[in-house]
Number of protein chains: 2
Amino acid sequence: MRRDIFQAIADPTRRAILVLIAVQTMTPNAIAENFNSTRQAVSKHLRILTECELVKQEQKGREIYYSIEIDKMKEIDKWIEQFRKIWETRFNQLDDVLSTLKKKKK
Amino acid sequence: MRRDIFQAIADPTRRAILVLIAVQTMTPNAIAENFNSTRQAVSKHLRILTECELVKQEQKGREIYYSIEIDKMKEIDKWIEQFRKIWETRFNQLDDVLSTLKKKKK
DNA sequence: TATATTTGCAACCGAATAGTTTCATAATTA
DNA sequence: TAATTATGAAACTATTCGGTTGCAAATATA
């Protein structure tokens, strides 16, 4: 069973769940109301998100409130980071080209 | 056939390919040398990455050089953006708490 | 206490995934 | 021209994935 954050956010329903509970903590029932699939399907998604620690639970009586584990989201950001460096460099290079052109014009 | 960037980067081999060709353009053969699976398997990964426009090809004779489509990578960053806002806010709130504590100490 | 509610788990199913082997095509080289 | 090299496509396979239905456990309410 592969269970990492990238595999977790590959599914559009799970991405939507993350966006939902990022705004406020929610119970599985409340989350499921936003989707066409069954509550059990959403429950399975929540299990996957919990297993890779992208969400955490808080039991309150018979209800369980799910909330986002924002620190784990940073790991995805960390992976993107190495590419961000590239596009920022390319942007600066473009900037250099533009300013060189400007100087030549003068 | 679902073919979006999140599904594309879900596979660890594809993520490694992206990191590899981010540094320099490479041919499928050169890329495949870095993995234990067959050249054909890598070829399939490249097709998926090409289909969702995360990489582009440039034919040179019988060789094909693959390079990263950095703009497409920004789309992932864009999705992370909404969560970045959250963790920055939380960080600031923590900052407020700390400075309040500091003031009380004085 | 009996009933309703909230939730997760197990078993099953069809589709998708990632890999393999085999083959075809096009370009280079001997 | 013949052999070699670089590549992608097709067919097949085992495994995983996302969904379903049915069930059990725990808590709340009548």
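These are legends for a few views of a predicted model in which protein chains surround a DNA strand.

**View 1. Here is who sits around DNA strand C.** A total of 25 residues surround the strand. The closest of them come from both chains: A:Thr27 and A:Asn29 on one side of the list, and B:Thr38, B:Ala41 and B:Gly61 on the other.

**View 2. Now for the elements behind the surface near DNA strand C.** In chain A, α3 (28-32), α4 (39-51) and β2 (63-68) each give two or more residues. In chain B, α4 (39-51) does so too. The largest share goes to α4(A), with five residues.

**View 3. What does the surface near DNA strand C look like by residue class?** There are 11 polar residues, along with eight charged and six nonpolar ones.

**View 4. Step back and follow chain A from its N terminus.** The order of elements is α-α-α-α-β-β-α, which adds up to five helices and two strands. Chain A is more spread out than a compact globule, because its radius of gyration of 21 Å is well over the 13 Å that the globule rule gives for 106 residues. Its C-alpha trace spans about 75 × 25 × 25 Å along the principal axes.

**View 5. Last up, burial and contacts in chain A.** Just 19% of the 106 residues in chain A count as buried. Among contacts with a separation of 6 or more, 52% are between residues 24 or more positions apart.

Terms used
Residues numbered from 1 in each chain as written. Chains lettered and ligands numbered in written order. Predicted model: local features only at pLDDT ≥ 70, side-chain atom pairs only at ≥ 80, totals over all residues. Near = placed C-beta within 6 Å. Helix = DSSP H or I, 4+ residues; strand = E, 2+ residues; numbered from the N terminus. Nonpolar A, V, L, I, M, F, W, Y, C, P; charged D, E, K, R; others polar. Rg over C-alpha atoms; globule rule 2.2 N^0.38 Å. Buried ≥ 20, exposed ≤ 12 C-beta atoms within 10 Å, placed from the backbone. Contact = placed C-beta atoms within 7 Å.
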